Amino acid sequence: MKISVNTEIALTYLSARKKQTAIAAMGVMFGISMFIFMQSLMKGTNDYFEKMSFNSTPHIRLYSENKVADNHMLKSYLKDPSVKILTNPKQLIQTQGLNNPYGLIREIQHNPQVANVTPQVTADVIYTSGSVQINGNVAGVNIDAEDKMFDVQSNMVTGDLHDLNRVNNGLLIGKGIADKLSLHVGDNITVTAGTGSPTIMRVVGIFATTVKQVDETKSYANIVQAQNLLGKDRSYVTDIKINIKDYNNAPQVAKELETITGYKAEDWVQANEQLKAAFKIRAVILNSVIGVILLVAGFGIYNILNMTIYEKIKEIAILKAQGFSGPAVTSIFLQQAIYIGIMGGLVGITCGFGITYMVSRIYIGAGTLKYLPMSFYIPHYIEAVCFGILTTVAAGFFPARKASKVDPVTIIRG
Amino acid sequence: MADIALKSTGINKVFHDAVNLQVLKNISIEVKKGEFVSIVGKSGCGKSTLLYVLSTMDTDYEGSLEIAGTTVTGKTLNELARIRNESIGFVFQFHYLLPDFTCLKNVMIPALRLGKLSTKEVEARAYEKLKMFGVEDQALKKANKLSGGQQQRVAIARALINDPTIIMGDEPTGNLDSKNTGIVFDLFQKLTKEFGQTIITVTHDEDFAKKSDRIIEMADGEIKSHG
């Protein structure tokens, strides 16, 4: 390809002042590598917290919720077309638990978006050991399905979670409960549900999540044990937990399930509003930091090009005298900015990747978090380069336009 | 008339500084093709101002200007740039070579801008021009490594690269010693005699002016004699 004379001049100017070119490119490089690093950290952290929230929350939870009284009973009783108005309507007690839960599960499994479905019996209980009592709740689950959905295994401190299937009256307790009641694997604990009689159960394992409140209240039991605790029959299920293939579709799938089943389907977005708010706040903070860095890099380029133009003003005048038009001069200086941007961008990508990789090897060791969560996400790199080049073009545009407006007569005549 | 290279009709120019100062008063001149014209006059008489108006770089004037039969008054800046590129060559008192480029590149740039020839052809032409001025052995040196006389010869070679109809000089020998002045003069004469190119120079050098074909004398913004 034939290099145009504008390009040739732009490249010669850049290479004649290597130091300044390098400094300008370094500005862009810092901007871009910080952009990549920050984006990777942010996405990594967000992904981590999302994953964490899925360790305790399913994508969708289906449960029975009390409803406010409406006038449909009245309508079917009176059978007339008059308008009925209920003043001061009250909550109606629904039967605890879901009707025909296994039928519902089969129905839900037919939905092509659904990946995993598991029933749960939740019971509010009092744990007693010696003379100490604490409040909490037991989740009666099928532990294999639970482990598949929420990776319970990764939270285990001692004991074997599969013992829930083998040991009669087995119980997995949170670390907080174990500490407060001074319990170890193999110890007995008395569990009392509100409506049932006290039951002695055996601790088969201890788990620790990163959430203290969960560790101090929650325990897992076999679903049948939980039903026994409550004095309910085998068809008693309080929640159906559903994981779907793409959790971003959860709100929409939840709505569908609500329509089909008539029960409340709560998606993870509703259940974790504070998490979403935190994502948004982090995004604002990081984007402003990145914006400032790129702005500073942009000013660097602006400065250097402005200096070049002051220095080369006679040369610009002479180029114009020789027949270089305004647009040709603009192109010479804008190209310089673009090449600085491309150079800084390419080095910046490499540096950004390097920094991200190094930081991802830093040991943190807080809770279950061992290393800083970093994501390596290609679109970040593409975005970074686009932003970098955009910044350099914007920064180069004004000096370039100034150069194009140089009046050769005033400069040459002095 | 086909053999008129440049024609100005009633050119007036006013500097709008603190007071309005009319620097050019009703200037009408004609320069034939192949003519070697010197414009002389005292400092401040407006001769350089006139040259920059004739060169199309200064567009702030009244009157009209024709170059090679085409009226250039009123054309856009970009069109004028194209006209300068193609049909006008400049030699200034200072060489104004681009110091970051080799002499060869300096000479090539206007032709590359014009874009009529391939890079190879332009390079061959540039060598040819440098040879004419006896500086072809300096071709690959950076422009700022040459002596003053050599630089001025390279600058003239650059002015000639596109075979312009008109070559304009603003005191082209102002910074040269008598020997180099002689060389430049002989070359200018050769250009007009052998290649039919038109030369218009502003000069203080009386000997230089006397040897040219015609002297236009200026005083106080007016033309005293057309020579």
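Colleague: Over how many bridges do strand S1 (residues 4-16) of chain B and S2(B) pair?

Modeller: This is a predicted model. In chain B, Ile4(B) stands opposite Lys32(B) in S2(B), and Ile11(B) stands opposite Ile27(B). A hairpin of three residues joins S1(B) to S2(B). The two strands pair in the antiparallel sense, and the number of bridges is nine.

Colleague: What is the bridge partner of Lys7(B) in S4(B)?

Modeller: S1(B) also runs antiparallel to strand S4 (residues 62-67) of chain B, with five bridges joining them. The partner of Lys7(B) in S4(B) is Glu66(B).

Colleague: Which are the edge strands of the open sheet with the order S2-S1-S4-S5 in chain B?

Modeller: The sheet has four strands in the order S2-S1-S4-S5, with antiparallel pairing. An edge strand pairs on one side only, and that holds for strand S2 (20-32) and strand S5 (70-71) of chain B.

Colleague: Is Arg214(B) buried, exposed or partly exposed?

Modeller: Arg214(B) is found in strand S9 (residues 214-219) of chain B. A residue is buried at 20 or more C-beta neighbours within 10 Å and exposed at 12 or fewer. Because Arg214(B) has 16 such neighbours inside 10 Å, it counts as partly exposed.

Colleague: How far apart in space are Arg214(B) and Ser38(B), C-alpha to C-alpha?

Modeller: Leaving aside neighbours within four places in sequence, Arg214(B) is in contact with Glu35(B), Val37(B) and Gly227(B). Arg214(B) and Ser38(B) are 176 residues apart in sequence, while their C-alpha distance in space is 6.3 Å.

Colleague: Which helix gives the largest share of the largest nonpolar core?

Modeller: This core has 116 residues, and those touching the most other members are Ile301(A), Ile39(B), Val107(B), Val154(B) and Ile200(B). The largest share is 13 residues, and it comes from chain A, helix H2 (residues 18-56).

Colleague: How many residues are in the second, separate core?

Modeller: Its members include Ile108(A), Ala139(A), Met149(A) and Ala254(A). The number of residues in this second core is 48.

Colleague: Which residues is Val154(B) in contact with, leaving aside its neighbours within four places in sequence?

Modeller: Val154(B) is one of the residues touching the most other members of the largest core. Its contacts include His95(B), Asn106(B), Cys103(B) and Ala143(B). The others are Leu97(B), Val107(B), Leu130(B), Val135(B) and Leu146(B).

Colleague: How far apart are the C-alpha centres of domain 1 of chain A and domain 2 of chain A?

Modeller: Chain A is divided into domain 1 (5-53 + 275-413) and domain 2 (61-70 + 91-268). Their C-alpha centres lie apart by 52 Å.

Methods
Residues numbered from 1 in each chain as written. Chains lettered and ligands numbered in written order. Predicted model: local features only at pLDDT ≥ 70, side-chain atom pairs only at ≥ 80, totals over all residues. Domains from an automatic or database assignment. Contact = placed C-beta atoms within 7 Å. Pairing = 2+ DSSP bridges. Core = buried A, V, L, I, M, F, W, Y, C linked by C-beta atoms within 7 Å.
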